[in-house]
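Open the model in your viewer and keep the sequence panel at hand. We will go from stop to stop, selecting a few residues each time.

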Amino acid sequence: MGLDSPASLYAMLRGMQARGYQMAELPPDSDALMHELIDRGAYDQDYLSAEQMKNAAARVPAQRYQAWFDELPDSLRDKMLQRWGQPPGGAYVDGDELVFSGLDYGNVFVALQPPRGYGMDPDAIYHTPDLPPTHHYYALYRWLRDDWRADAIVHVGKHGTLEWLPGKGVGLSQHCFPDALLGDMPLFYPFIVNDPGEGSQAKRRGHAVIIDHLTPAMTTADSYGPLAQLTQLVDEYYQVELLDPNKLPLLQQQIWDLIKEAKLDTDLAAMLKHDHDHDHDHGMSTSIITITTMATIIRMPAISARPPPSTASTGRRRPSRRPR
């Protein structure tokens, strides 16, 4: 929390372009970048389509992954086998290949960090200290190291899950998952300045170079358009609920009509996993009240790319170290 990750990532890519990194043409803005990334295969199994699997930006044959898996220490292999079964596992496999969501821009590969597990509550397992990575998770980091031959990895957005994988708290060894996945790969990590505890975790367990950024500014949220009307109706709902409950169905209908006008019904359905057959359910209205009466919003800062230093004296820019 605290960083506009898509906007910051986009600013980094633009900054790298300005400094002479060889990159393909970028989308017009960060929103378009995120849409392209999702179109190439997000990791939400409820929405992942066969077309997205087919268009995945990176693939690892099962035989190739088996060789990587066999290089792990016995202790790590046993934990992965016990939890996730035989390679290549059962998630994000297309035919006999593991597939990864990402965008290849030449000397930069933009990827989504794979889920730490599947078939589980993602929030509940984020910090679980004894859950080994999936085959798919391990395969992405090995692919970046050995096949794509990255010079460094940048984790954008607080925070990832690699530094929370099983292993020692400090002084990691080859028998600790973070070390087994990263090896000697440099890791850079923009991190909010007011969370030194979790930043230290990334430094101790992921040998990350932490790049601090400021906390977001807080401001009062003002409603507008249908949202302003929705706020007014919600206030009325509170009053009518106590004084004249017979009018609640009418207000519920008006609230729901405004929600659909503001295109909030799709977001609510996804957030609350609510069946649209129960549009007038009181639980839905209560959730609407909770959402619409939030008093403050957070304006997420974005890391900006500074103008490149002058190259007039040499006429050269530093190229990428990664051979193509």
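Is aspartate 94 buried, exposed or partly exposed? Select the residue and show the surface: its relative accessibility is 29%, so aspartate 94 counts as partly exposed. Keep in mind that this is a predicted model.

**Stop 1: aspartate 94 and its partner**

Now add arginine 59 to the selection. Its side chain meets that of aspartate 94 in a salt bridge, with 3.1 Å from N to O. This pair links distant parts of the chain, since aspartate 94 sits in strand E2 (residues 93–94) and arginine 59 in strand E1 (residues 58–61), 35 residues apart. Arginine 59 has a relative accessibility of 25%, so this residue also counts as partly exposed. The structure holds nine salt bridges, and the next stop shows two of them.

**Stop 2: arginine 142**

Select arginine 142 together with glutamate 71 and aspartate 146. Take glutamate 71 to begin with: arginine 142 forms a salt bridge with this residue, and the closest N and O atoms are 2.8 Å apart. Arginine 142 lies in helix H6 (residues 135–147), while glutamate 71 lies in the loop between helix H4 (62–70) and helix H5 (74–84), so the pair ties together parts that are 71 residues apart in sequence. Which of the two is buried, and which is exposed? Arginine 142 counts as buried because its relative accessibility is 6%, under the 20% cut-off. Glutamate 71, with a relative accessible area of 54%, is exposed.

Turn next to aspartate 146, whose side chain meets that of arginine 142 in a salt bridge of 2.6 Å, N to O. Both residues lie in helix H6, four residues apart, which is about one turn of the helix. Aspartate 146 counts as partly exposed, at 29% relative accessibility. Before moving on, go back to the first pair and add Glu97: salt bridges that share partners join Arg59, Asp94 and Glu97 into one network.

**Stop 3: where H4 meets H5**

Show H4 and H5 as cartoons. Their axes come within 9 Å and cross at roughly 130 degrees. Why are these two helices called oblique to each other? Angles from 65 to 115 degrees count as roughly perpendicular and those over 145 as roughly antiparallel, and the crossing at roughly 130 degrees falls in neither range, so H4 and H5 are oblique. To see the contact, display Tyr65, Phe69 and Asp70 of H4 with Arg77, Met80 and Leu81 of H5. By class, this contact has four nonpolar residues, two charged ones and no polar ones.

**Stop 4: the buried face of H5**

Stay on H5 and select Leu76, Arg77, Met80 and Trp84, which are buried. Look down the helix axis: the buried residues fall within an arc of 100 degrees, so they line one face of the helix. What covers them? The cover includes H4, H6 and helix H7 (177–182). Then step past the end of the helix to glycine 85, which follows H5 and has a positive phi, near 80 degrees.

**Stop 5: alanine 111**

Finish at alanine 111, found in strand E5 (residues 109–111). Its relative accessibility is 31%, so alanine 111 counts as partly exposed. Leaving aside residues up to four places away in sequence, alanine 111 touches Ser101 and Gly102. Try the distance tool on phenylalanine 100 as well: alanine 111 and phenylalanine 100 are 11 residues apart in sequence and 7.7 Å apart in space, C-alpha to C-alpha.

Definitions and conventions:
Residues are numbered from 1 along each chain as its sequence is written. This is a predicted model: local features need pLDDT of at least 70, side-chain atom pairs count only at pLDDT 80 or more; totals for chains, interfaces and linings use all residues. Side-chain values use heavy atoms; hydrogens and water are left out. A salt bridge is a side-chain nitrogen of Lys or Arg within 4 Å of a carboxyl oxygen of Asp or Glu. Buried means under 20% relative accessible area, exposed over 50%, partly exposed in between (1.4 Å probe, protein chains only). Axes are lines fitted to C-alpha atoms, for helices over the stretch in contact, and angles run from 0 to 180 degrees between N-to-C directions. Angles under 35 degrees count as roughly parallel, over 145 as roughly antiparallel, 65 to 115 as roughly perpendicular and the rest as oblique. Contact means heavy atoms within 4.5 Å. Ala, Val, Leu, Ile, Met, Phe, Trp, Tyr, Cys and Pro count as nonpolar, Asp, Glu, Lys and Arg as charged, and the others, Gly among them, as polar. The arc is that of the directions from the helix axis to the C-beta atoms.
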